[in-house]
Amino acid sequence: MSKPNLTVIEGGLSAPTEKRKKYFISSYVTDTRLMGVLAVYIHWKLSDSVGDSDFHQFFYIDCEEMGLETYKSVVGSSIDEITVIEQALVGGLGASKIDISQRQVRGILSHYKVFNQRHDLPFPQGYKEYSFLVEPETILNPNEHKELMQKICGEIVSDYQAVNYFLMRCFGRDYSGAAYLTEGEFPLDLYDEYRRATFCKNVIDKESVGDDGSVSYLCESLIEMDNKYETAISKVCIKDHKVTGFERCSGFAVSTAEAAMMLTKAEFVTVYEVMLSDEDMDNNIGELTVNLNTVMSSHENGRLFMAFKQNNDHVNNRVFRLSNDVKGIYFLTDYGQLIVAAYSLPDIRSLENKLKASPLAPFLMTTAKYEFKEPVLFEFIQSDFEDFDDFLDFIRND
């Protein structure tokens, strides 16, 4: 008997995704480039001799410092898995999801691959799984780049919006983002010594109107760097919602106490007693994450669920506050309390109504409601107290 001629065939389901054929289905990017971040999603169909399956890829990009920062993927069609990842990466961005082509998504990822290499930044784990998207690199031509920027930046509808986004990009040393908002040639790196600067607050006042219809605005910006604060005074000229001039005027250091006063605002708090065991609450935690559209983080005395607004309209205001993208906070303590906080009456009522409409409603009993002149919930979260009422008694007597 002659020796059989054997061929080794890799098992389809066990074969790694990088070795399976991929067919592009769709992709989207968030329109948050001017906020300094992007989230990208791609849906593929995997196919081989064993069968077909879906493949979902998610990327989170920090346009200022970290470049390609996070990568997550799901093989299959688990809605729960996909929703959890999407909520974690996209939920806090106040974004619209903009459909883009395969070439556009490859162009975005290739650009930030080069960004990581230029800044000696590591790539997210799982590079082999997404390397096919950036090898070889896809370089968009000027027209393609312009079309993509219009998608990921969204429409500028007011001078306030243009000024706030422009200064945010300049203080973040994201000059390509700032340049998108300009018309004409002038220096953008007037605050180039500001490293890792956070644009906390900005107040805009109209200074003058030019003969050509341009408007000059004087801006007082509160900036935080490494837990130190500065106020920067700038002049920004705008015509047709485009920045046509930029001038650095003055600046001075601000103490932490002064910064706190500049950023302070009222806080409305509702406290509930949770009438569920820890195990039952854990089994229903999805009601606070997916159904209430929040992003969760763990703390020593409980879990925080941050609810963000569904857009970035807070940038389109004379007075900009970075924190105004937050709709409210749910904090579930290990002591059995659910504390809900927001910075306006409409928002706290909205959060309360969402809880009333949720399956958790029968197991929540309202025990107190408060209005504070300044936020206290984060002080409680950072304290050693387990009970919110005990914490309030302490600060009242302090």
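**Figure 1. Close-up of Cys 237 in the predicted model.** Cys 237 is partly exposed, its relative accessible area being 22%. This residue takes part in no disulfide. The cysteine sulfur nearest to that of Cys 237 belongs to Cys 249 and lies 9.8 Å away.

**Figure 2. Close-up of Cys 153, a buried cysteine.** The relative accessible area of Cys 153 is 5%, a value that falls under the 20% limit for burial. Cys 153 likewise has no disulfide partner. Its nearest cysteine sulfur, that of Cys 63, is 8.9 Å distant, whereas a disulfide requires two cysteine sulfur atoms within 2.5 Å. By this criterion, the count of disulfides is 0.

**Figure 3. Surroundings of Asp 54 in strand E3.** Strand E3 spans residues 52–62 and includes Asp 54. With a relative accessibility of 14%, Asp 54 is classed as buried. Two polar contacts of its side chain are shown: one with the side chain of His 43, at 2.8 Å, and one with the side chain of Lys 45, at 3.1 Å. When neighbours within four places in sequence are set aside, Asp 54 is in contact with His 43, Trp 44 and Lys 45, and also with Val 74, Val 75, Gly 76 and Ser 77.

**Figure 4. Start and extent of helix H10.** Helix H10 comprises 12 residues, 345–356. From its first C-alpha to its last, H10 reaches 16 Å, close to the 16 Å expected at 1.5 Å a residue. At the start of the helix, a side-chain oxygen of Ser 344 comes to within 3.2 Å of the backbone nitrogen of Asp 347.

**Figure 5. Buried and exposed faces of helix H10.** The buried residues of H10 are Asp 347, Ile 348, Leu 351, Glu 352 and Leu 355. Viewed down the helix axis, these buried residues fall within an arc of 135° and therefore line one face of H10. In general, an α-helix has 3.6 residues a turn, so residues three or four places apart point the same way. The face of H10 turned away from the buried side carries the exposed residues Pro 346 and Lys 356.

**Figure 6. Elements covering the buried residues of helix H10.** The cover includes four strands, E10 (267–274), E14 (326–333), E15 (337–342) and E16 (364–372). Helix H9 (286–289) is also among the covering elements. The residues beneath this cover include Ile 348, Leu 351 and Leu 355, together with Asp 347 and Glu 352.

Notes: Residues are numbered from 1 along each chain as its sequence is written. This is a predicted model: local features need pLDDT of at least 70, side-chain atom pairs count only at pLDDT 80 or more; totals for chains, interfaces and linings use all residues. Side-chain values use heavy atoms; hydrogens and water are left out. Helices (H or I, at least four residues) and strands (E, at least two) are DSSP runs, numbered from the N terminus. The expected span of a helix is 1.5 Å times one less than its number of residues. Buried means under 20% relative accessible area, exposed over 50%, partly exposed in between (1.4 Å probe, protein chains only). The arc is that of the directions from the helix axis to the C-beta atoms. Contact means heavy atoms within 4.5 Å. A polar contact is a pair of N or O atoms within 3.5 Å; within protein, one must be able to donate a hydrogen and the other to accept it, and residues adjacent in sequence count only if both atoms are side-chain atoms.
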